[in-house]
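Student: I would like a close look at a single part of this model, followed by its wider setting. Please take me through it step by step.

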Amino acid sequence: MGRFWCVLFLLVPVLGVAAFLAAPVYNHWLPEDWSANGRRIDQLWYFILYLTGAVFVATEIVLFWFMWKYDADKNNKPAEFTHGSHNLEVIWTLLPAATLLFIAIMQMSAWEEAKMEKPHLPALARVTARQFEWRIQYPGPDGKLGTPDDLFAVNDLAVPVNEEVIIDLESMDVLHSFFLPNMRVKQDAVPGSVIPVWFKPTRVGEYDIVCAELCGWGHYKMKGRLLVLSRPEYEQWLENLRIQQEATQ
Ligand SMILES: [Cu+2]
């Protein structure tokens with residue numbers, strides 16, 4: 001194969017690691033986390049990244065070393081055939097199995113917090129995904145969803161800062177995925193079911209709502225805005241929506 005190609009091959013892990021190191025400098029890294037339990041999710045993500053990264057680099061180096069050492073141009077002895085090693089096979093089966101089991105157990109509490117321990121609160125809004133927009137429905141002055149005084153918006157979801165928010169997620173047509181990168185929330189919207197999603201935003205601002213499931217030709221433009229507002233601003237926003245809606249009725 002030639003040692004030139006061995007060195008070229010070694011560039012895979014070297015450039016791979018370099019890309020990871022350079023990405024945050026060029027702002028191509030995780031979106032900023034502005035949610036109360038995003039840290040837990042990021043920690044898990046980093047743990048898995050470092051673990052798989054270390055295994056990747058180690059296997060690439062071993063591969064390079066074998067290519068270098070057993071280069072056909074430098075070895076003129078005929079190849080020797082072996083029937084493998086039972087011990088080695090047991091080790092490389094048990095090690096990944098134990099690692100996967102460890103990750104499965106370690107992530108349980110983060111999963112529980114994000115997906116199982118639903119706060120005892122009424123839903124702030126209902127978000128209905130459809131090709132290719134997010135329909136938002138807020139309870140009106142009666143505080144109840146699904147009554148005639150409900151307020152409607154498209155693609156703009158306003159929520160109060162520093163408060164636990166529950167969204168009832170639905171879909172009108174196909175599978176969509178409600179993705180709030182800055183809240184570390186991603187949940188499939190499944191036709192026929194109402195799925196509660198909760199998060200607690202910690203900073204006022206305007207963030208992305210993205211569809212993370214290829215849902216048709218217009219999937220790319222299925223983008224909304226998450227408006228995190230202070231409590232009074234949020235109430236004003238709802239009030240404006242109500243006035244607007246009444247004017248057009
Ligand atoms: Cu979609």
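Student: Is arginine 242 buried, partly exposed or exposed, and what is the relative accessible area behind that label?

Tutor: Please keep in mind throughout that this is a predicted model. Arginine 242 has a relative accessible area of 24%, and because buried means under 20% and exposed means over 50%, arginine 242 counts as partly exposed. Its partner is glutamate 246, with which arginine 242 forms a salt bridge whose closest N and O atoms are 3.0 Å apart. Glutamate 246 is likewise partly exposed, because its relative accessibility is 48%. Both residues belong to helix α5, which covers residues 231–248, and they sit four residues apart, about one turn of the helix.

This salt bridge can be set beside others, for the count in the model comes to 12. One of them joins arginine 126 to glutamate 170, with 3.2 Å between the closest N and O atoms. That pair links distant parts of the chain, since arginine 126 lies in strand β1 (residues 125–130) and glutamate 170 in strand β5 (residues 165–171), 44 residues apart. Arginine 126 is partly exposed, because its relative accessibility is 23%.

Another salt bridge brings together the side chains of glutamate 133 and arginine 135, at 2.8 Å from N to O. Here the two partners carry separate labels: glutamate 133 is buried, because its relative accessible area is 17%, while arginine 135, at 34%, is partly exposed. These two residues also belong to a network of salt bridges that includes Arg130.

The copper site offers a further case of residues brought together from separate parts of the chain. The copper ion has as its protein donors His176 (ND1), Cys211 (SG), Cys215 (SG) and Met222 (SD), which lie 2.1 to 2.5 Å from the ion. Along the chain, these donors follow the spacing H-x34-C-x3-C-x6-M. Histidine 176 is in strand β6 (residues 176–180), whereas methionine 222 is in the loop between β9 (205–211) and β10 (223–229), so this pair ties together parts that are 46 residues apart in sequence. Both histidine 176 and methionine 222 are buried. The arrangement around the copper ion is tetrahedral because the four donor atoms subtend angles of 92 to 122°, and the criterion asks that all angles lie between 85 and 135 degrees. For reference, the ideal angle for four tetrahedral donors at a metal is 109.5 degrees.

Notes. Residues numbered from 1 in each chain as written. Predicted model: local features only at pLDDT ≥ 70, side-chain atom pairs only at ≥ 80, totals over all residues. Heavy atoms only, no water. Donors = N, O, S within 2.8 Å, 3.2 Å for Na, K, Ca; no water. Tetrahedral: all angles 85-135°; square planar, octahedral: opposite > 155°, others 65-115°. Helix = DSSP H or I, 4+ residues; strand = E, 2+ residues; numbered from the N terminus. Buried < 20%, exposed > 50% of the residue type's maximum accessible area, 1.4 Å probe, protein only. Salt bridge = Lys/Arg side-chain N within 4 Å of Asp/Glu carboxyl O.
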